[in-house]
Amino acid sequence: MDIPFFAWPFLLGITFIIVFFIIISIIWITGLSGIDRVRIRKNFFTVKTFQAIWEVFRESLIHRKMYKRNPVLGYMHMSFAFGWFLLIVVGHIEAAVHYHTLNFPFWKSIFFRYAETNPPVTFIAKAFSAASDFLLIYIFSGVFLALYKRFNSKPFGMKKTTHLKTGDKIALIGLWLIFPTRYVCESITAGIYHNGSFFTQPTGNFLASFLPLQSIELASWWVYSLSLAVFFFALPVSRYMHIPVEILLIFVRKYGVRLKKHVNGYTRIQTFACSRCGVCLDSCQMIKANINNSQSVYFLKQIRGRKLNDEQLFNCLLCGRCQKDCPVGLDLNDLRITQRIESTKTYNSKYDYLKGGISPQADVVYFTGCMTHLTPSIKKAMLNVLDYANINYWFMDKDEASCCGRPLMQAGQYEAAKKLIRNNTEKILSSGAKILLVSCPICYQIFNEDYKLPGVKVMHHSEYLLELVNQGLIPTIKLPVNAVYHDPCTLGRGSHIYEPPRELLKNYLSLIPMKQEKEDALCCGGSLGNIKIEMDERKQIRDDVLDTFKSYNPDQIITACPLCKKTFAMGTDIEIHDLAEVVWKGISRKEHLDKKIRLPI
Amino acid sequence: MVSFGFELLDSKRIDYNKSDGRLLNEILEKEPSFKRCISCGGCTATCTAGSLTNFNIRKINLMLRHGQTEGLEKEISKCMLCGKCFLVCPRDINLRNVIMLIKKGVLKYNTEKKKI
């Protein structure tokens, strides 16, 4: 063996991290459910593998999502990941071309300049040499940005950043040292043997003018190898573990593995794929209420450290803003709900008092939900519209109303929620209805996600009213009102319904476009997802959102969720309406106009 | 006991020998807003589970404050956690957290009792 001593730290480091990653991947994959393992096996030799590789290229190397969020942040990550990747690839090709074989010692491609000291003669050799110098400059630009980010993170689109642990700091020092030391030792070697290119050669010549390069050459390569080793050995205890785990996550996700309602190997993979970048801190509105310790990044950190407590676990609005912004694409809401299920599974309710019974036959089942009962104007408007359009409906929770189960699900009371789901399913199916009309997005989400209602179409009232308008069953009239539309979290990010409410509202009033809409909509602060937040803190979040709305000078604020309406209504003088109310107001106004009765607006 | 010609029903009497304040203290510590309760009964009036059963949060509050934890587990399990109670509460009490703490606490203190 002619491996120089200085290469050993690097070789040990890379072997360690590869073995470690293989072992931990096996543990996690065997921890998946049986069906998920079948999915992986079935999809392994299909096009999905190539799709996953493409996604790894796009997200782990190019960092496309990061670019979309902030170009500078994206460039910084890309220069590190893609630059380093190319440096390794170019190094290997260069070595393969030089030795005319693929079977050359591994260390020679990493420490190529040390191994081959003859100056490049052919055009190809010169090109490779120049390419690796160019890549080094490219990575340097990223290193400088990263250093700058430590002092000022504003240009990177991040107001807040996470605190580093000891392991992170060690790995970070290793990572930052790798490229400068490589530059220095390649320059030194170039100064002695003249085998550098446009970047390392001049530096080498300059160093040669005042340094005894021969005596420090080996030491510099030692430093390079050691900084690589430090990075690899510190990887498992640092945030940079997300680099290999994210690749695993992309593959497993592509094969169709999904989060279940209990903790398993996939939850572990997602937990460790978090890069602790802190993007979720900026997305989180709870910061406005000075809640700084329960955001997704800290919550995942607690799971990893097995230090999760109820105070932080339940202190989250489940609004989904962090999930939308997460560059790794983690299912942050479901991860939290899964942990809540795990945490509360010893005390679930049975609800023995729920009665079945035969439901009246109808075409449409109307389920208002608890929150609409608290905002009777929405309920009245909906009933009026349904009567006006002559719909044969059954008002399911008119008197003896049971809850849909979503609040229980959000609180982790999965078994309890299942009891309510079973009872409601029986009632809905026995009515023979084809449509389940819901005027609360919270209910809408669980009816879609966790209920099995064959032959029944679940519709939010925004979709249903739009259909009535399109069928000509209810009239439209455009009133001189400028309004902003607030996307409720559960309807928007939760159920991806953005357009039907807007299309419906355009028939009755003018909408002011906002920056904070659709996927970027704000949470009203009233969310049932948070068990721990105090009313005062909710009010702070709400007031901040209302201030945002006010900056657009709307005459009215329109929403599609009774809870959002109730939350906002308590904090402002601006009129807050649900879209059902807007529609009913429009219908009644039109009726009056048709009868030629003058009414004040 | 001396008879004065009238009697108190057991259900109207607080027996301090049986009183167990541990759960109440834990809840007051973890959810201080519960201190503000004025027993107005707004929560009970709007309660979803209350429309289906005799579930009564106000009664649970009284039971807790009397240190009467017997039967609390069965009573609290009727709650559906829909959240109407905290929205109507004039004292802004985070009742959903109170309910979750009772659910968890009842179990904890009942098992402790059994161990003794």
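User: Hi! Before we get to the charges in chain A, which residues count as positive and which as negative?
Analyst: Hello! Lys and Arg count as positive, Asp and Glu as negative, while His and the chain ends are left out. Keep in mind that this is a predicted model.

User: Thanks. So how far apart are the mean positions of the positive and negative charges of chain A?
Analyst: They are 2 Å apart, taken over 71 positive and 49 negative charges.

User: And what box do the C-alpha atoms of chain A fill?
Analyst: Along the principal axes, the box is roughly 100 × 50 × 45 Å. Within chain A there are 28 helices and eight strands.

User: How much of chain A is buried?
Analyst: Of its 601 residues, 58% are buried. The accessible surface of chain A is about 26,100 Å², and carbon and sulfur atoms contribute 61% of that.

User: What share of the contacts in chain A with a separation of 6 or more comes from residues 24 or more positions apart?
Analyst: That share is 74%.

User: Let's switch to the strands. Is S5 of chain A mostly covered or mostly uncovered?
Analyst: Mostly covered: S5(A) spans residues 482-486, and four of its five residues are buried.

User: Which strands pair with S5(A)?
Analyst: One is S6(A), residues 510-511, which pairs with S5(A) in the parallel sense over two bridges. Another is S7(A), residues 556-559, also parallel to S5(A), over four bridges.

User: Nice. Where are the bridge partners of A:Asn482 and A:His486?
Analyst: A:Asn482 has its partner in S6(A), namely A:Ser510. For A:His486, the partner is A:Thr559 in S7(A).

User: Which helix joins S5(A) and S6(A) in a β-α-β unit, and what is its handedness?
Analyst: The helix is H25(A), residues 499-506, and the unit is right-handed.

User: New topic: backbone angles. What is the phi of A:Asn290?
Analyst: About 60°, which is positive even though A:Asn290 is not a glycine. A:Asn290 lies in the loop between helices H14 (279-283) and H15 (296-304) of chain A.

User: Why does A:Asn290 count as exposed?
Analyst: Because its relative accessibility is 61%, and exposed means over 50%.

User: And what about the phi of A:Lys518?
Analyst: Phi of A:Lys518 is near 50°, again a positive value in a residue other than glycine. A:Lys518 is in the loop between S6 and helix H26 (535-550) of chain A.

User: How accessible is A:Lys518?
Analyst: A:Lys518 is partly exposed, because its relative accessible area is 29%, which falls between the 20% and 50% cut-offs.

Definitions and conventions
Residues are numbered from 1 along each chain as its sequence is written. Chains are lettered from A and ligands numbered from 1 in the order in which they are written. This is a predicted model: local features need pLDDT of at least 70, side-chain atom pairs count only at pLDDT 80 or more; totals for chains, interfaces and linings use all residues. Side-chain values use heavy atoms; hydrogens and water are left out. Buried means under 20% relative accessible area, exposed over 50%, partly exposed in between (1.4 Å probe, protein chains only). Contact means heavy atoms within 4.5 Å. Accessible areas come from the Shrake-Rupley method with a 1.4 Å probe; for residues, only the protein chains shown count as cover. The place of a charge is taken as NZ of Lys, CZ of Arg, CG of Asp or CD of Glu. Two strands pair if DSSP finds at least two bridges between them. A crossover is right-handed if, with the strands pointing away from the viewer, the path from the first strand over the helix to the second runs clockwise.
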